[in-house]
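Biologist: I am new to reading protein models. Please take one part and walk me through it closely, with its surroundings.

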Amino acid sequence: MADRLNILFITADQWRGECLSALGHPAVRTPNLDALAKDGVLFTRHYANAVPCGPSRASLHTGMYLQNHRSGTNGTPLDARHTNWAKEAGRHGYDPVLFGYTDTSQDPREEDPESPWLRTYEGPLPGIRPVCMMGTWPTPWTNWLKENGHEVPDDIRFAYGHRAPGPEYEDGAAAPRPLVYAKEIDDTSYLTNRLIGYIAESTAPFIAHLSILRPHPPFVAPEPFNAMYDPETVPGFARKETHDAEGAQHPWLEHQLGRKLFRAPANEKKLRRLKAVYYGLMSEVDEALGRVFAFLKETGRWDNTLIVFTSDHGEQMGDHWLIGKCGYFDASYRIPLIIRDPRKAADGARGTRVTRFTENVDIMPTMLDLIGAEIPVQCDGASLRPFLEGREPTTWRSEAHWEFDFRDPADDSAEKRLGLTMHQCTMNVIRDEKFKYVHFTKLPPLLFDLEKDPDEFVNRANDPEYLPVMLDYAQRLLSWRMNHDEQTLTHISITDDGPVARPAARY
């Protein structure tokens with residue numbers, strides 16, 4: 001394995017796709033990621049396939065659409081029969097390791113009834129070896145803080161948002177309150193330091209998954225990142241005048257805006273503070289990754305390490321009066337993707353930008369392709385290798401697709417309010433350069449003319465002029481689902497001469 005690639009697979013949680021200074025964002029500064037894009041390939045139309053974290057990461061790690069892996073909510077078990085990039089890399093001789101979390105809900109049929117993984121949705125991806133596992137419970141970090149004499153809340157889950165004393169920005173402070181911990185010892189620095197330590201001791205080619213919480217809430221950043229962006233001057237919000245005006249677009253949106261956890265605060269100063277800190281956390285992640293990249297260069301690993309940087313999903317951050325990730329708006333699904341391929345074959349593509357539609361289901365096939373491992377038939381995505389080598393694929397998708405499953409086995413409020421069964425709490429989305437079509441299982445559809453209405457305010461589904469467009473996109477969505485029905489064994493036929501297999505192209 002001496003000549004094999006290393007892989008550093010990085011996810012930064014809840015990072016909106018436009019939030020890179022390389023893309024001309026009016027506020028966010030990300031110099032280290034910009035430099036990575038200049039030495040690699042920046043994918044400008046990259047999308048998550050589901051939200052929230054668990055379903056999205058199930059697609060990211062298995063290469064499968066939600067309709068096939070069916071882990072539709074945080075806590076829905078991921079069927080153990082599905083493979084993933086870590087299992088496949090392990091079969092190829094690697095030891096995949098984890099720093100952070102994968103939010104994989106374990107298949108209860110494979111676990112002992114007393115297994116601790118049956119009491120949390122934040123289990124590890126099968127096939128990966130946790131070296132430093134941190135999610136809701138940041139135990140390795142908080143233990144380290146205690147050992148080094150730092151105060152930790154009694155409930156360690158609150159360490160992520162443990163703010164310094166004093167007033168908040170909306171109460172008159174000059175800047176948002178900082179995290180009580182210095183940037184050198186906060187969760188982002190701790191996790192990246194653990195990764196660097198692991199790589200420093202590695203003698204064999206490695207595959208490491210660095211899964212950073214930030215810029216995911218709580219929106220509390222250490223100094224100086226808490227004050228890096230002025231809340232008064234951050235970009236405004238794409239929204240209608242009031243919550244009620246926004247909710248009139250669709251019954252699901254009206255319902256979602258009635259939920260406290262998803263309704264953006266009405267206090268403008270508070271919402272601007274959240275956005276400013278969100279950007280600050282991004283810049284902190286960028287600085288931490290800069291240290292990792294510098295270490296790879298200093299130790300001679302840079303030219304043999306494939307680096308993948310992306311996110312699990314985006315963040316509404318006040319757009320359409322929503323906070324968090326949900327529904328059908330681009331803000332929740334468009335995410336960054338930068339891949340730096342160290343091979344000579346990729347030299348001609350360095351610094352290029354790909355404008356074709358790419359999705360998180362493409363990440364697993366890409367990593368496996370570049371280490372010479374077979375891509376399982378289960379994968380709905382395709383390898384991005386042609387783009388990395390400056391080639392145009394023979395065939396490629398012409399739109400992005402995603403799904404949102406808003407069922408909640410523990411809460412039937414959506415069902416009661418919208419007149420649905422639990423299994424009808426779903427929507428599918430198809431989106432290209434011109435239009436976005438949203439199909440609900442048992443609610444009215446939505447159609448947006450993105451060229452005229454990029455912020456998705458005007459539903460054209462009932463406009464007679466758009467009926468041909470509606471029919472076209474509804475048929476395209478149906479064809480997409482049919483083309484991507486789960487097909488793990490469908491390419492195999494049992495014959496008199498034994499099994500015959502013939503994998504087919506997806507596009």
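Modeller: What follows is a close look at strand β7, and then at some places beyond it.

This is a predicted model, so every value here is computed.

Start with the strand itself. β7 runs over residues 207-212. How many of its residues are buried? The count is 6 of 6, so the strand is mostly covered. Now take its two faces. On one side sit I207, H209 and S211. On the other sit A208, L210 and I212. Both faces are covered, as each of these residues is buried.

Next, the partners. Strand β1, residues 6-12, pairs with β7 in the parallel sense. That pairing has 6 bridges. One of them can be found by name: A12 has I212 as its bridge partner in β7. Strand β5, residues 97-100, also pairs with β7 in the parallel sense. Here there are 3 bridges. Look for V97, whose bridge partner in β7 is A208.

Now follow the chain out of β7. The loop between β7 and α7 (243-247) holds P215. A cis peptide bond joins R214 and P215, with omega about 15°. Most peptide bonds are trans. A cis bond also joins V51 and P52, where omega is about 0°. P52 is in the loop between β4 (50-51) and α2 (53-62).

R214 leads us to another residue, Y160. R214 is among the contacts of Y160, leaving aside neighbours within four places in sequence. So where is Y160? Its place is the loop between α5 (139-147) and α6 (187-201). Is Y160 buried or exposed? Its relative accessible area is 5%, and buried means under 20%, so Y160 is buried. Its other contacts include M134, G135, T136, P138 and W141. L213, P218 and V220 are also on that list. One polar contact deserves a look: the side chain of Y160 reaches the backbone oxygen of G135 at 2.6 Å. For a sense of scale, pick out G327. Y160 and G327 are 167 residues apart in sequence. In space they are 26 Å apart, C-alpha to C-alpha.

Go back to β1, the partner of β7. Q14 is in the loop between β1 and α1 (31-38). Its phi is near 70°, a positive value in a residue other than glycine. Most residues other than glycine have a negative phi. Q14 is buried, because its relative accessible area is 1% and the limit is under 20%.

M317 also has a positive phi, near 45°, and is not a glycine. Find M317 in the loop between β8 (305-310) and β9 (337-340). Its relative accessibility is 1%, so M317 counts as buried.

One last stop is N68, in helix α3 (residues 66-69). At 7% relative accessibility, N68 counts as buried too. Which residues does N68 touch? Leaving aside neighbours within four places in sequence, the contacts are H82, D380, H484, D485 and E486. H484 also takes part in a polar contact: its backbone oxygen lies 2.6 Å from a polar atom of the N68 side chain.

To retrace the path, begin at β7, with both faces covered. Then step to β1 on one pairing, and to β5 on another. Then follow the loop to P215.

Definitions and conventions. Residues are numbered from 1 along each chain as its sequence is written. This is a predicted model: local features need pLDDT of at least 70, side-chain atom pairs count only at pLDDT 80 or more; totals for chains, interfaces and linings use all residues. Side-chain values use heavy atoms; hydrogens and water are left out. Helices (H or I, at least four residues) and strands (E, at least two) are DSSP runs, numbered from the N terminus. Buried means under 20% relative accessible area, exposed over 50%, partly exposed in between (1.4 Å probe, protein chains only). A polar contact is a pair of N or O atoms within 3.5 Å; within protein, one must be able to donate a hydrogen and the other to accept it, and residues adjacent in sequence count only if both atoms are side-chain atoms. Contact means heavy atoms within 4.5 Å. Two strands pair if DSSP finds at least two bridges between them.
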